[in-house]
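Work through the exercises below with the sequence and the structure open. Try each task before reading its solution.

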Amino acid sequence: IKQRVRFANGQPQHVLLSGDVMYDNSLYFSRIADQKSDIIERLGLSPRAFVLATIHRPANTDNAENLQSIFAALLDIAEKEQIDIVLPLHPRTRKMLPEQLTADLLERISHTPHMKIIDPASFFEIIRLEKNARVVMTDSGGVQKEAFFFETPCVILRPETEWVEIVEAGAGVIADADYQRIVEGYFHLVDKKVNFPPLFGDGQASENILKTIIQYLE
């Protein structure tokens, strides 16, 4: 979409709604990730049949109540749904688990085969996990947006989000670190058809920008 507008100096200028170059980037590297990473096969996962969870923000990891609520919700979803929860664990989060979680919760986690706690995932591994998950549950801003790019619904483990358009589109639910809201958010997303409108363009933002610059200079 191109528009002619006038800036403060009175000169007409072009404004281009180009799309998001981050979307371009994600699509490009997702194709490479399919060739470079075997994490789905290595973990014995089936596409759209597992949950990807990432937790790293101090507001969650350094707060015992928050971390316990999140892990209790993940554990109950895993056991009730008999669905694998893949959790690439940030070193900081791993360090905090014995300090913040109750002994009972830690024991339940360690004895639940559906809780797959793994080392931090590489760039290509996280892309493959995002694009193959049934639902993403995260407190990461970047992972929220990438989940949308790959048409994966997202439960947001924060009280707010930078990407309000994802929530407004119905592809994300803000649950914070509240046990009930996390569980309800998960079932809300898996029990309905989630739409992913083209909020971030068509994956051609870079080309659109360059073409417009060339046309303008000519």
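The exercises that follow concern a predicted model and go from the whole chain to single residues.

**Exercise 1. The chain as a whole**

Task: State how many helices and strands the chain has, and what share of its residues count as buried.

Solution:
- Step 1. Count the secondary structure elements: there are eleven helices and eight strands.
- Step 2. Take the extent of the C-alpha trace, which spans about 70 × 40 × 35 Å along its principal axes.
- Step 3. Turn to burial: 46% of the 218 residues count as buried.
- Step 4. Look at how far along the sequence contacts reach. Among contacts between residues at least 6 apart in sequence, 68% join residues at least 24 apart.

**Exercise 2. The nonpolar cores**

Task: Find which element gives the most residues to the largest nonpolar core, and list what Leu74 touches.

Solution:
- Step 1. The largest nonpolar core has 41 residues, and those touching the most other members are Ile55, Phe71, Leu74, Ile85, Met115, Met137 and Tyr186.
- Step 2. At least two residues of this core come from each of E3, H4, strand E4 (84-88), helix H6 (103-110), strand E6 (135-138), H8 and H10.
- Step 3. Among the contributors, H4 gives the most, with eight residues.
- Step 4. Apart from residues up to four places away in sequence, Leu74 touches Ala53, Ile55, Ile85, Met115 and Met137.
- Step 5. There is also a second, separate core of 19 residues, with Ile118, Val136, Phe150 and Ile156 among them.

**Exercise 3. Two packed helices**

Task: Describe how helix H4 packs with helix H10, and sort the residues of their contact by type.

Solution:
- Step 1. Locate the helices: H4 covers residues 64-81 and H10 covers residues 179-190.
- Step 2. Their axes lie 8 Å apart, at an angle of about 40 degrees, and the crossing is right-handed.
- Step 3. On the H4 side, the contact is made by Ser69, Ile70, Ala72, Ala73, Asp76, Ile77, Lys80 and Glu81; on the H10 side, by Tyr179, Ile182, Val183, Tyr186 and Phe187.
- Step 4. Sorted by type, the contact residues of H4 and H10 are nine nonpolar, one polar and three charged.

**Exercise 4. Helix H8 and its surroundings**

Task: Explain why H8 is described as largely enclosed, and name elements that cover its buried residues.

Solution:
- Step 1. H8 is largely enclosed by the rest of the structure because eight of its nine residues are buried.
- Step 2. The buried residues of H8 are Gly141, Val143, Gln144, Lys145, Glu146, Ala147, Phe148 and Phe149.
- Step 3. Their cover includes helix H1 (21-36), E3, helix H7 (123-132), E6, E7 and helix H9 (164-168).
- Step 4. At the start of H8, a side-chain oxygen of Ser140 comes to within 3.4 Å of the backbone nitrogen of Gly142.
- Step 5. Thr138 is in strand E6. With a relative accessibility of 0%, Thr138 counts as buried.
- Step 6. Not counting residues up to four places away in sequence, Thr138 touches Thr54, Val143, Gln144, Cys154, Val155, Ile156 and Leu157. Val143 and Gln144 are also among the buried residues of H8.

**Exercise 5. Two residues with positive phi**

Task: Place Arg48 and Glu151 in their loops, give the phi of Arg48 and of Glu151, and find what Arg48 contacts.

Solution:
- Step 1. Begin with the general rule: most residues other than glycine have a negative phi.
- Step 2. Arg48 is not a glycine, yet its phi is positive, about 60 degrees. Glu151 is not a glycine either and has a positive phi of about 55 degrees.
- Step 3. Arg48 lies in the loop between helix H2 (39-42) and strand E3 (50-54), while Glu151 is in the loop between helix H8 (141-149) and strand E7 (154-156).
- Step 4. Partly exposed means between 20% and 50% relative accessible area. Arg48, at 36%, is therefore partly exposed, and Glu151, at 46%, also counts as partly exposed.
- Step 5. Leaving aside neighbours within four places in sequence, Arg48 contacts Glu130, Lys131, Asn132, Ala133, Arg134, Phe150, Glu151 and Thr152.
- Step 6. Arg48 and Arg134 are 86 residues apart in sequence, but their C-alpha atoms are 4.1 Å apart.
- Step 7. The Arg48 side chain reaches the backbone oxygen of Ala133 at 2.5 Å, and a polar contact of 2.7 Å joins it to the side chain of Thr152.

Conventions. Residues are numbered from 1 along each chain as its sequence is written. This is a predicted model: local features need pLDDT of at least 70, side-chain atom pairs count only at pLDDT 80 or more; totals for chains, interfaces and linings use all residues. Side-chain values use heavy atoms; hydrogens and water are left out. Axes are lines fitted to C-alpha atoms, for helices over the stretch in contact, and angles run from 0 to 180 degrees between N-to-C directions. Helices (H or I, at least four residues) and strands (E, at least two) are DSSP runs, numbered from the N terminus. A crossing is left-handed if the near helix is turned anticlockwise from the far one by less than a right angle, and right-handed if clockwise. Contact means heavy atoms within 4.5 Å. Ala, Val, Leu, Ile, Met, Phe, Trp, Tyr, Cys and Pro count as nonpolar, Asp, Glu, Lys and Arg as charged, and the others, Gly among them, as polar. Buried means under 20% relative accessible area, exposed over 50%, partly exposed in between (1.4 Å probe, protein chains only). A nonpolar core is a set of buried Ala, Val, Leu, Ile, Met, Phe, Trp, Tyr and Cys residues joined through side-chain atoms within 4.5 Å. A polar contact is a pair of N or O atoms within 3.5 Å; within protein, one must be able to donate a hydrogen and the other to accept it, and residues adjacent in sequence count only if both atoms are side-chain atoms.
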